[in-house]
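Here's a quick tour of a protein model, with a few spots worth finding as you turn it around. Keep the structure open while you read.

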Amino acid sequence: MFTIINFAEPTSGGLASLIFWLVGLTSSVAAGVVLFTVILKLITLPFDFMSRFSMRRNSIKMEQMRPELEKLQKQYADNKNLYNQKMMALYKKNGYSMFGACLPTIVSLVIFIVAISAFNDYSKYQNRIYFYEMANSYNEVIYTGFQTDMEYIYYDEDGNITFNDKAIADLVSEEEGSAEKQLTGHTLKVEKGRSGESFYYKVSTDGGYAEYKRFFTVDNGNYSFLGEEYYAISGALYDTDIKEESNNYLILSGKYDADGQKVEESKRKEKDFTAYKEENPDATEAEFLMEIASEMAAETFYNNGSKFLWVKNIWVSDSAFRHPVEKDWDNFKGTYSYDGEASTMNAEKYQLLIKDLADETTAPNGLFILVALTALSSLGMQLLNKKSQKAQMELQTVDGQGAQTQKIMTWMMPIMMAIFAFFYTAAFSIYIIVSTLISLLTTVIINKLADMKYNKPVEGDDVIRGRVYNPPKEENPQKDKKANNKKNQPPEADFLSGLADKKKKPRGRLK
């Protein structure tokens, strides 16, 4: 009996649907992720502009207040609360706003968190889609064993073979018996019988090699489905005409090697049942078809477009500790949140699907390159922020503790982003890298615009390292000469010189 794998078709919603649409639009997972990132950055650009422009403006104002703030830091080095009060008064006087960048930053952060959730949901959805498509390819091997006629046997919207229960069963008027129906190009063969309290019918076509058996009950003309079984017709697979004309899967060649690389046409080895029986004398027709079905499922996996450069499955993290395919059914359900109750999937059917993907269950999915690039791009962003906000970090606290905190964050953020990239998918890493590079570019531009508007030197002043510096005025030689002459003369009120004002009486003495 041939095993049909009913893998329930997954659904998606929200931003995951947008990613799915963009991937389909670009015909490339990586290109779809990049396009999604650009669209999301365009949506958040107004908030980013408001936030970064406000932060840069504050940095410029803080630099302009540096002389006064440094003086306050020395004056109130032992009194943080008083320093904060004086600093807030100085902020108000100079129009410095501490909260101008907060709201836009919060909005951007919320969108970032939503994007993480969307990528996580979509990665699970996409891996479920891959296995749904693999199951369809697997089942297609047996489905091609029937000739379709669009009335009795046809394909549904999902590409699954479908049988018209009532029409087929009515070909045999009695509860038990057989009948043949001549159709265009082939003959439909039906056998009807009873199995205990239920009925069954078996159907096959003379142009195929498969047989379908369906169990049902009848109540007032209504057919209720109980179960189904698929078989390979004994001896049909030896028929050369059937192999060559009806079913290309019976002469299927291995299109991919163990590493998932395409094999040249001239190097493929044909598979047919005769040769298979010589190698496996006890094998049945169904086992032969399932061998081919597993190979078709593997081919579908390699064709799904999830490979990205060195990463074998872009919806798994770029890590040597993760694998492109989960090794067992329990791992698959847990990793990709698959509800096995929605279908008849089980561990045995899962192993049939991945039979020719055994190497993918142990091979490293990546080389940590995207994880490293995620950390490096984040470090670049932190260094730019450190340079842009140097004044705030040095002057917002009386002891300059803010600068030390920023120094810690400069290294902590890249580590955190690397952890995200390690535990999430390679697609998410691409999103982070592209998003950070766009932020780096926009930040440089926004800082330039803020500098042009707020960081203008005062007329007659020199700007040195962001500070406004007032040089001492040039000395007047004539004025200095008079001052020196006067300085060398004895003071008029000097009692020792005898030139003291005689009208003034010394205290405590008589004239």
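Let's start at Leu449, which is partly exposed because its relative accessible area is 39%, a value between the 20% and 50% cut-offs. You'll find Leu449 in helix α15. Keep in mind that this is a predicted model.

**A nonpolar patch on the surface**

- Leu449 has company: together with Phe47, Phe49, Met50, Leu441, Ile445 and Met452, Leu449 makes a nonpolar surface patch of about 670 Å².
- Two helices, α2 (29-64) and α15 (426-454), each chip in at least two residues of that patch.
- Which helix gives the most to the nonpolar patch? That's α15, with 4 residues.

**Aromatic pairs**

- Rings pair up a lot here, and the structure holds 35 aromatic pairs.
- Take Phe2 and Tyr138: their ring centres sit 5.5 Å apart and their planes meet at 35°, so this pair is tilted.
- Phe2 belongs to the segment before α1 (15-26), while Tyr138 belongs to helix α5 (residues 102-143), so the pair ties together parts that are 136 residues apart in sequence.
- Are these two rings' residues buried or exposed? Phe2 counts as buried because its relative accessibility is 2%, and Tyr138 counts as buried because its relative accessibility is 0%.
- Now look at Trp329 and Tyr338: the centres of their rings are 5.5 Å apart, but the planes are at 65°, so you can call this pair edge-to-face.
- Trp329 has 6% relative accessibility, so Trp329 counts as buried.
- Tyr338 is buried as well, with a relative accessible area of 8%.
- Ring pairs can also chain up: they link Tyr143, Phe146, Phe163, Phe199, Tyr201, Tyr212, Phe216 and Tyr230 into a cluster.

**Strands side by side**

- Strand β5 (residues 198-205) and strand β6 (residues 210-219) run antiparallel and are joined by 5 bridges.
- To see one spot where β6 takes part, find Lys202, whose bridge partner in β6 is Lys213.
- Lys213 also lies over the face of Tyr200, at 4.6 Å from the ring centre.
- How many bridges join β6 to strand β7 (residues 222-232)? There are 10, and these two strands run antiparallel.
- For a spot to look at in β7, try Tyr223, which has Val218 standing opposite.

Methods. Residues numbered from 1 in each chain as written. Predicted model: local features only at pLDDT ≥ 70, side-chain atom pairs only at ≥ 80, totals over all residues. Heavy atoms only, no water. Phe/Tyr/Trp six-rings, centres within 6.5 Å; stacked < 30°, edge-to-face > 60°. Buried < 20%, exposed > 50% of the residue type's maximum accessible area, 1.4 Å probe, protein only. Lys NZ or Arg CZ within 6 Å of the ring centre and 35° of its normal. Patch = residues over 30% accessible without salt bridge, like charges linked within 9 Å, V, L, I, M, F, W, Y side chains within 5 Å. Areas by Shrake-Rupley, 256 points an atom, 1.4 Å probe, with all protein chains shown as cover. Salt bridge = Lys/Arg side-chain N within 4 Å of Asp/Glu carboxyl O. Pairing = 2+ DSSP bridges.
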